[in-house]
Each structure stands twice: as C-alpha cells, then as structure tokens.
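Okay everyone, thanks for coming. I'll walk you through one structure today, so have a look at the screen first and then we'll talk.

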Amino acid sequence: MHWRNYFIPTTKETPKDATAASHILMLRAGLVRQQAAGVYTYLPLGYRALRKVEAIVREEMDRAGAIELHMPALTPWGLWVETGRSQTMGDTLLRIAGPEGDWRSSLVLGPTHEEVITEIARAYLKSYKQLPVNLYQIQHKFRGEARPKSGVLRTREFLMKDAYSFHEDKASLDKEYDNMYAAYCRIFTRCGLPYLAVEAESGAMGGDSSHEFMVLTDAGEDRVAISDKGNYAANLERAAAAPPAPAPDVPLATTKLVHTPNAGRIDEVCPVLGTQPRDMIKTLIFATQPPLAGSTSAAEGGRAMRVVALVRGDHELNEHKLHRAAGVVLELADPATIEEVTGAAVGFAGPQGLIDKVDKLVIDRDVAVMRNAATGANKTDYHVMGVNPGRDFPLSGDKVVVADIRCVTDGDPAPAGDGGRLLLRTAIEIGHVFKLGTKYSSAMEAWYLDAHGKTQPLIMGCYGIGLNRIMAAAVEAHHDDAGIIWPMSIAPFQVLVIALDPRDEQAMRVAGDVHDQLAAAGVEVLLDDRDERAGFKFKDADLIGIPLRVVVGKKSLAAGGVEVSDRRTPEVKQLLSPDAAVQHVTQRVREGEAPAERGGRSSR
RNA sequence: CGGAGUGUAGCUCAGCCUGGCUAGAGCGCUUGGUUCGGGACCAAGAGGUCGCAGGUUCAAAUCCUGUCACUCCGACCA
C-alpha cells in the first residue's frame, strides 16, 4: 500500500476533549473519528487494526469449538418483556421510536443477545443429544450509556464477540466455562495484552462462576484488588481481605455520651472525640426498594424492609456484599426513614437499641471484633464512646448477620492468609465469562428433553469480549510520548517503508522494490512515498506505530543499503542490503505474529 | 439523572466581562519559490449562518431567555 493513495489523517494537535492516552493517540494517528457522544467511525488504519483483533477472536473461538452465527442488531421488544429486562435494563435499551402500535416501537437495538439466542435455543434445541453447543457472533451492540467516556473505551455503539453455551448439566457447563477461559487467555495473549483474570461478582448464580479479564491502566473504570504475591485477583465488588484478628483482650469501658454539635460525618466528629475513623462504627440504614411496576411479588405487603449495616469508620460498605448477606436488594434509606428509625438527625445513628426497630442487622466482621468504639448516639448532636459489640448491640440472634460487607482497601491482608497484601488498581474490562444457569431458559421456557424423557431448562453460559476495548487497551498498554507501539499481531500494517526523498530516484526505486518484495511475501507493508520532509515522516511513523520500519535514503544507500528498526527500540538501527532487509523483516514479522506465551496472570 | 463547564475556519484557541468599522491568530489546506535524515522558510490565497431560535438595542460573537450539542465529576453499567 502506498501512503499517497491511502487515507491516514494524522494530526499534530491534540483535540481538547481527549484525556485518555489511547483516545488522544487514536485520534491523532487517524484511527478513529468521533461522530457523536460515544459513537465513532473507524478510519481505514483503525479499521484494519480492529479487523485484526476480530480475526484473532474468530480464529480462537472456532478453534475452541464454538460455532459462529449472526443475530440481528434489531431485536424484538417482546423477548425483553419475557425476561423482564424490558424493565430492569431501563434506559440502557435503545428502543426505536414510533407512534403507539407502530412496528418501530416493537424493536430494540440489542445491547446484548441472551434473549435472542435463548429464543433460537427454545426453537431448535429440543434434545440432550444436541447438547452441549456453543454459539457465538461478532456483532454491533447498542447501549444507552448515560455517559460515554474515554474515547472508544465506553461507547454507545461497539463491537462485541458474544458467545452462549447450552448444557444439560452443571458439569458440562463447568467444562465449557474452562474451555472459554482458556480460549480467552489465548486471545488476549495473541493480542499482546498484559491482561489479568479476576474473580467477578456473579450475582444470583453465586460461587466461583464469573471472571472478568482486565488490563491494568489508569484510563480504566473498574477497580481490582490484586495480592502482591500474585495468587489472588478480584474486582472490587467481590474482593475480600483475610478475616480480622480476634478482638483484643482489653477492659471494656463504660459508654459515655458526648456532645458533638453539627458533627455528623466521620471526618468531622473524629477531632471532637479525639479518636480515629478506624475506631468508629458507621451505622447505615437501608430499605428494600419499592417493587417494580408490573411485578407480581409486592414484597412484605408493600412495607419496605429495613436493614441496618455496620462497617468500621475507615471502611466503605460494599453494597453487593450487603445484598448477598441480607438476601434482599437494598437502597440507602431516605432521611425521613433514617430519622424515624434512629430518632435522630442523619449522621448520628448508632447500633445501640436499633435491633427492635429494624428487620435485620448486618455487622461487618471487622466491626464484630472492635473494642470501645465510638458511634452515633441516636440523638441529634450526640455520639457515644466506649461502645462494645455483643454488649451494646447483639452479635447473634434471628435478625443478626455477621459477614464481610465492606470493600477492601489498599494494603489489606490478602485472603489466602499468606502474608500477601492487596493492591487496588484501576483497569479496563476487556472480557467476561459468566455462568448464567437457567435464568434466561426458565424465563423464556427454553426446555429440552433429557435422557429420561424429562423436561428440563437449558443450562447456559455466556462469554463476551469487547473488540474495540482490546484495541484501546493495546494502545493504553503499548505507547510512548511519540505515539502508538502496536503489537505485531494487531498492527494495521506490519512494516512501514519510508522513502525519505521522493525526488531521489534511486531511493524511490529501492523503497518501491522493498515494498513490492515484502508485499509479495505476504507481509502487510505500507510505503511512505509522500513528498514531505524527513522529520515530518518520522514523526508520523512514530505516531501510527507500525512495529517495523525500513528507511531508504541517500545516507543509507551511500552506506550500502537500507535501515531496519523496531518501533520499540528506535535507537537501534540495522544497516542491511535491500534483499537482506526483506528477508530479515519477513522473518521478524513471522515471529511477531505468534508471540510466545506471556502476559496473562490468572487467579485460578 | 444530579453538579460543573464549553460551543467562533478541518484542528487548537483569542475576542465576550465593559455591545460599535469588513471577526482574528497558529496549525492544516491551495499556488509559486527556496529548503530537504526528526513536525522548515518566504510570498500570495481559499476557508467562518460566531451551535440554533427568540428577545433587548440605532447597533449583538459580545447582554437576556429558551433550546440543542459536546466535555468533565458523580450516580448508573446484563
């Protein structure tokens, strides 16, 4: 490919709206152009890289035995009603606007395809003899993201590989889950990504049944906890620290009421009490959500259930863990409810005596081992010191649960209890494997007949990969001040030949020959034949980040050949004859296409 | 959805507070010339309904109202 005849709109200046490195570089290198918030064109160079990613994903999915199909981006509204996600997904579903009763309003731009695939399974998968089967597609997804951000990292339209497997039992699902997990490791390794598989929140399914694949980068929007021993990784929703040491054997103080006017927040009250956040108990009042419109199970006869959660003053409550411990979906109660429960203004709640006023008391295990703590007095403008679990509020009983309900913090001991410390890092999620179970098959009545002729719901797994995110994550992970440094496997071109001076006939001829020979050898080569000054071309070359570079100019020809260099190590230049350069470069490309195992660390 | 901010040439921005000739700069683009191994220089050009609508005024990029879009922080994220 000759640059002159191609389309690579690079820019020197950084668009003001870009903050993430990948966003800045992808715009500057002419890979993408934003058309609207969270909506991007993939320009030729960017599209080539995206298609490379797609090819790797397709190859490895096929190799893993998954079967490709193609579902529509337009999905029937009725299917979403069947699973209830027409309600629960809310504004994430992008519906086609149309007058009431118009065919348009019966269509949704698919944000994911569980419903559609389950409809297909319901229609065709009737016998255990057809199982297991894993169907996948590479398709555009549409989501009503409230806030697109960071370039192509979070968009309203994106390319996703989504696979769905169907099984007759848990063992078969487990096997396919492991198969997909391994395929994902191969995919991300081939894409040159320094990825990490972390345990993820698995919602209703529980257990060990969900992993997210992450790339650590500041541009990400997820938080993960990693043990510095390298043997544990989980996302923040799920991460657990080692259990606390038993309570210290110290004398129990008597409780003391302290006047703390206008000091309702932990950071305000600590100076007044002369204590530390870690010696305080945070008392949070929750209530069950009002039942969704259309739901038939109006819980508790319409009365909201009230739950008190206790965490240490220096800890953050983890709502996912609280949900699991309490067994119900909860929301922070409104101020009126809090005042009614505690009898005090917001900010002065304490656990003493609350047990009779609420339906459940959930105590973080770190709170259970506190001694002589400080907390709210359930009296406006007052706190209490010398509060002790077990004495001043119960640690056992029908309504009491002691559990891990907090977020881990940086430096917490790792759960293995091996002396490891947890480190908190930001990351981009690039893939997710998930055991769905029978959630969708039951809701949509996708049954099959087992070997005993008995009707059973299909057991499902689902496996997603964000292709655009792989591309952006690769740029995040591999760049320097001058530009992108593509891994060979997903580089838009593998080799860039630069003819330094277009008026130098010999240089042009040699560069053209090198280009033609490489192309003939099956190498993806771009020839910079533009009538530009040398420095200009070098800057563009650094920016677009083609892994290998061959420079042909007067100097190199006078020295007997052409210069070969690697984008990663620009200072190392090798002078070779044109033929030797072609051979050398071809060899390097072949090596680079199949990188040795590296990168991926796993928590399993 | 809450909070903050920004819309002026393809890109980055000045001008707005304190209304006043024909709306500016740099980059990019076109033409001519010089230059030619790390984003050159000179000269001449093309390119803008100042987001949109309404209002105030003799006069609006500038003031007021509304609206749309985009960005950032937060909430949300099968």
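Before I get to the first pair, a definition: a salt bridge here is a side-chain nitrogen of Lys or Arg within 4 Å of a carboxyl oxygen of Asp or Glu. And keep in mind that this is a predicted model.

With that in hand, take E82 and R122. Their closest N and O atoms are 2.8 Å apart, so by the 4 Å cut-off they form a salt bridge. This one ties together distant parts of the chain: E82 sits in helix α3, residues 77-83, R122 is in helix α5, and 40 residues separate them. How accessible are the two partners? E82 is partly exposed at 34% relative accessible area, and R122 also counts as partly exposed, at 22%.

In total, the structure holds 38 salt bridges, and I'll show you a couple more. E145 and R154 meet through their side chains, at 3.4 Å from N to O. E145 has 21% relative accessibility, so it counts as partly exposed, because buried would need a value under 20%. R154 is partly exposed too, with 23%. Then there's E268 with R265, a salt bridge at 3.4 Å, N to O; E268 is partly exposed, at 30%. There's also a network: E59, E60, R63, R186 and R190 are joined by salt bridges that share partners.

Okay, on to the backbone. Most residues other than glycine have a negative phi, and most peptide bonds are trans. So where should you look for exceptions in this model? One is the peptide bond between L131 and P132, which is cis, with omega at about -5°. P132 lies in the loop between α5 (114-124) and β7 (133-142).

Next, N378: not a glycine, yet its phi is positive, about 60°. You'll find N378 in the loop linking β18 (373-376) and β19 (382-387). Is N378 buried or exposed? Buried, with a relative accessible area of 14%. E445 is another non-glycine with a positive phi, about 55° this time, and E445 is in the loop between α11 (439-443) and β22 (447-449).

Last stop, the part of the chain with a sheet and two helices. The sheet is open, has five strands in the order β28-β27-β29-β30-β31, and its pairing is mixed. Its edge strands are β28 (525-528) and β31 (569-576), each pairing on one side only. On average, neighbouring strands are turned by 20° against each other, ignoring direction. Inside the sheet, β27 (residues 495-499) and β29 (residues 548-552) run parallel and pair over five bridges; one to click on is L496, whose bridge partner in β29 is R549.

Now the helices. α13 lies across β27, β28, β29 and β30 (562-566), at about 170° to β28. α16 lies across β27, β29, β30 and β31, at about 15° to β30.

And how do the two helices meet? The axes of α13 (residues 505-520) and α16 (residues 578-593) come within 10 Å and cross at roughly 35°, and the crossing is right-handed. On the α13 side, the residues are V510, V514, Q517 and L518, and they meet P578, D579, V582, V585 and T586 of α16. By class, that contact has six nonpolar, two polar and one charged residues.

That's my tour, happy to take questions.

Technical notes. Residues are numbered from 1 along each chain as its sequence is written. Chains are lettered from A and ligands numbered from 1 in the order in which they are written. This is a predicted model: local features need pLDDT of at least 70, side-chain atom pairs count only at pLDDT 80 or more; totals for chains, interfaces and linings use all residues. Side-chain values use heavy atoms; hydrogens and water are left out. Helices (H or I, at least four residues) and strands (E, at least two) are DSSP runs, numbered from the N terminus. Buried means under 20% relative accessible area, exposed over 50%, partly exposed in between (1.4 Å probe, protein chains only). Axes are lines fitted to C-alpha atoms, for helices over the stretch in contact, and angles run from 0 to 180 degrees between N-to-C directions. A crossing is left-handed if the near helix is turned anticlockwise from the far one by less than a right angle, and right-handed if clockwise. Contact means heavy atoms within 4.5 Å. Ala, Val, Leu, Ile, Met, Phe, Trp, Tyr, Cys and Pro count as nonpolar, Asp, Glu, Lys and Arg as charged, and the others, Gly among them, as polar. Two strands pair if DSSP finds at least two bridges between them.
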